[in-house]
There are 2 protein chains.
Amino acid sequence: MNVELINIGNELLLGLVTNTHASYLGQKLAELGFLLERQVSVGDDAEQIAGAIREAIDRADLIITTGGLGPTSDDMTASVIGKFFNLRFRIDEKVRKANEEWFRRRGAPMPELVKHQALVPEGSIVLLNQNGTAPGFILPVPGGKQARWLAVLPGPPRELKPMFEKDLAAFLRNQFPDRTPIHWRVLRVAEVGESVVQERVEKKLKKEFPEIQVAYSARPGEVDLRLLGPEETLERAEAAAKQILGHDVFGGGDAELEQAVISLLRDRKKTAACAESCTGGALANRFTNVSGSSEVFLGGWIAYSDEFKKRELGVRAEIIESHGAVSEPTAREMAEGARRRSGADYALSMTGIAGPDGGTAEKPVGTVFIALASGEGVQVWREFFPLDRWTFKWRAAQAALNRLRLALLAHHE
Amino acid sequence: MNVELINIGNELLLGLVTNTHASYLGQKLAELGFLLERQVSVGDDAEQIAGAIREAIDRADLIITTGGLGPTSDDMTASVIGKFFNLRFRIDEKVRKANEEWFRRRGAPMPELVKHQALVPEGSIVLLNQNGTAPGFILPVPGGKQARWLAVLPGPPRELKPMFEKDLAAFLRNQFPDRTPIHWRVLRVAEVGESVVQERVEKKLKKEFPEIQVAYSARPGEVDLRLLGPEETLERAEAAAKQILGHDVFGGGDAELEQAVISLLRDRKKTAACAESCTGGALANRFTNVSGSSEVFLGGWIAYSDEFKKRELGVRAEIIESHGAVSEPTAREMAEGARRRSGADYALSMTGIAGPDGGTAEKPVGTVFIALASGEGVQVWREFFPLDRWTFKWRAAQAALNRLRLALLAHHE
């Protein structure tokens, strides 16, 4: 069962718009048991659209198109499909009435251009548009080598999504009742490199669970290990991978590291605070992205200037003078100050050089000191994340969150 | 001149990741004078990758692939291309040394898997990876009907983007010196709705500059107005749009609102600080995303708990008791406290209900009070952003930044 997606629109190829339909439909189809095999974007051009359909028709069982159904002259999907399959069109009374009602409710006259949107191919299943005037349709494909169905959806996400969820998904479930939803598990790993994760798990997984597909995707300080396969094997493969990776796994699915940290704090009935210099709020922002974080996250300081560090966090002037604002002792006093002033069980601090300017030979751009103060004292790590400014901030916050997570696991097991 | 893009990765078809490469490269290529004619996503599958190349090779002058260059077993782009074109690979000493240096600087041993990443096709132009270990390469296509060049880029955006901008763009400029860049201008507008922007500018632009294409794209609290067309008309059309929109335009190109604010603060020799409750660092994080922000941004407080608001910012207990933590007077005292304690010229504060829980009939989820304290007193706005938690934080920070921007423009013109 092969599904192909054709996204139509010049804006996709000019980069004016990011194609969110591909990921939306890819995921929704997988949940229904259909794997998207190929996705193509072409412009608002009759030849290109026809070419993409011609290719797909010999390969795919189901073709889905998006876009090009609007009322204006650059919207040509329906007419291209009509010519391609030599279809006749008819006025759909339901669509015509719905569109008249649409404009009546808005107290506006229906533009001439909208009238022809009630035209649909004869023999197709019409999909009403709840949020617009362009209907979609499902066409039984006449005489392709392979393709049986062509589903034609509008481009705007708020028109496409309800149409898929309400109508096309039901049609697919009905038409293909035997599809098995595609299962996967994601293990999310913090602060271990992609190739190290693979070296640790792949041999064992391939050997013990040959039917499981293993894939990796990485961003700075984070690797997603993805397992695909039959459900019961999946569970055992996931357990095996978890055992190998141990505490390096911070969660599954799409849980973020900050959610793992907030959960641990809640479980352990502990509180946290933070004092940031170089990350400038990136750490607090991640803590507070978690709904309910206010129960355990008490607050934080963005101590961007030396003055601020001294006055608000009690960092001693002589520490900054003799070691510098970016130093192990400054990080230590920031964390101690944040813990003392907030009354939190744990306080994280960070001071470093986000760049692109401000580096020295001894402390190049990317250097960061991360401190964690707790009832057991203060730990400080010196790290080096030579990344662009935004990624440096994210990566340093990632490290801080992960050190706190590991400390929570170690202290309270 | 026909350019086709092939994006490789199961994650794209399973919808686990949104394809941002297509829009990024589409835009960058247009800026260089190349129109992307087609974009295809295929999975990590040798046959599918080879199939996509086979199709493109008879149609496109230039083919770009992304993804599948990592060190793990599901990364197979280079080997598929090698087999397809019957290429020989060689160890590239520059890449090998750079990768060794990469791990040395991080004080980590180089995993075995990374070693083979120094293998590149003989006869290709190697593109060094500044942010990873997988090199890209440009291959003169041997014997396609049409295609002359195949450029192979890594998947992670932070590896792909500098590689494109530093090396591939230069190569294309050199190789195709006669391309006419496709021109556009972007005006970025803060806190005005997409349809309002359209109502204000479109009629006039269409009438006075019929050869200019006008497009809009929106995210919460921000609209990009994009004008495409011949360069000299473009300039006049941009000037006309700017005049209509006035101070609602905060910048052009890809400048973020926070950059506009930091620039204004620098120009005016003013400083800022902030005190955040519901946004939890999102505002400070945006201030500090700007390189050089430490000159004018002094610091901030994440006053997540009532205790913190009172102790660190001097919000009076009776204010919180009688009006609540989410209230006009609390926002006012937070801003005043932040200004007094930081010594900044301007202090912003925010207190609200990010949700999904914690709303009441009187103050539903999405309610936020934004205060701006300056030498001229305190202004407070009550706003309502009923959005998901992350977007609420972003939108509220957007409002705060914009109010400060408008105040800076008004006070110091």
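Guide: Before we look around, one term: two strands count as paired if DSSP finds at least two bridges between them. Also keep in mind that this is a predicted model.

Visitor: Okay, which strands sit at the edges of the open sheet of ten strands?
Guide: With mixed pairing, the sheet runs E17(A)-E16(A)-E15(A)-E13(A)-E14(A) and carries on as E14(B)-E13(B)-E15(B)-E16(B)-E17(B). From one strand to the next, the twist averages 10°. An edge strand pairs on one side only, and that describes residues 377-384 in each chain, namely E17 of chain A and E17 of chain B.

Visitor: In which sense do E16(A) and E17(A) pair, parallel or antiparallel?
Guide: Strands of a sheet pair through backbone hydrogen bonds, and both senses are possible. Here Thr367(A) stands opposite Phe384(A) of E17(A). Strand E16(A), residues 367-374, meets E17(A) over eight bridges, and the sense is antiparallel.

Visitor: What angle does helix H14(B) make with E15(B)?
Guide: H14(B) covers residues 328-342 and packs on the sheet, touching E13, E14, E15, E16 and E17 of chain B. Taking its direction against that of E15(B), you get about 145°.

Visitor: Which residues have the most contacts inside the largest nonpolar core?
Guide: That core has 150 residues, and a second, separate one of 94 residues includes Val95(A), Trp149(A), Leu153(A) and Leu36(B). For a taste of the crowd in the largest core, leave aside neighbours within four places in sequence: Ala347(A) still contacts Ala272(A), Cys274(A) and Ala338(A), among others. The residues with the most contacts inside the largest core are Ala347(A) and Ala347(B).

Visitor: Now the chain contact: which element gives the largest share of the side of chain B that touches chain A?
Guide: Chain B brings 65 residues to the contact and chain A brings 61. On the chain B side, the class split is 30 nonpolar, 25 polar and ten charged. Elements supplying at least two residues there include H1, E2, E10, E14 and H15 of chain B. The largest share, eight residues, comes from H2(B).

Visitor: Which residue is the bridge partner of Arg38(A) in E2(B)?
Guide: Strand E2(A), residues 36-42, pairs with E2(B) in the antiparallel sense. Five bridges join the two. Within that pairing, Arg38(A) has as its partner Val42(B).

Visitor: And inside chain A, what is the bridge partner of Val3(A) in E2(A)?
Guide: E1(A) and E2(A) run in the parallel sense, paired over six bridges. E1(A) is also parallel to E3(A), residues 62-66, with five bridges, and there Leu5(A) partners Ile64(A). In E2(A), the partner of Val3(A) is Leu36(A).

Visitor: How many of the six residues of E1(A) are buried?
Guide: In a regular strand, side chains alternate between the two faces of the sheet. Val3(A), Leu5(A) and Asn7(A) point one way from E1(A), while Glu4(A), Ile6(A) and Ile8(A) point the other way, and all are buried. Being buried takes 20 or more other C-beta atoms within 10 Å, and the count for E1(A) is six of six.

Visitor: Last one: how far apart are the centres of domain 2 and domain 3 of chain A?
Guide: The assignment splits chain A into domain 1 (3-175), domain 2 (184-252) and domain 3 (257-411). Eight residues of domain 2 contact 13 residues of domain 3 in chain A, and the domain 2 side has three nonpolar, three polar and two charged residues. Taken over C-alpha atoms, the centres of these two domains are separated by 29 Å.

Notes
Residues numbered from 1 in each chain as written. Chains lettered and ligands numbered in written order. Predicted model: local features only at pLDDT ≥ 70, side-chain atom pairs only at ≥ 80, totals over all residues. Core = buried A, V, L, I, M, F, W, Y, C linked by C-beta atoms within 7 Å. Buried ≥ 20, exposed ≤ 12 C-beta atoms within 10 Å, placed from the backbone. Contact = placed C-beta atoms within 7 Å. Helix = DSSP H or I, 4+ residues; strand = E, 2+ residues; numbered from the N terminus. Axes fitted to C-alpha atoms, helices over the stretch in contact; angles between N-to-C directions. Nonpolar A, V, L, I, M, F, W, Y, C, P; charged D, E, K, R; others polar. Domains from an automatic or database assignment.
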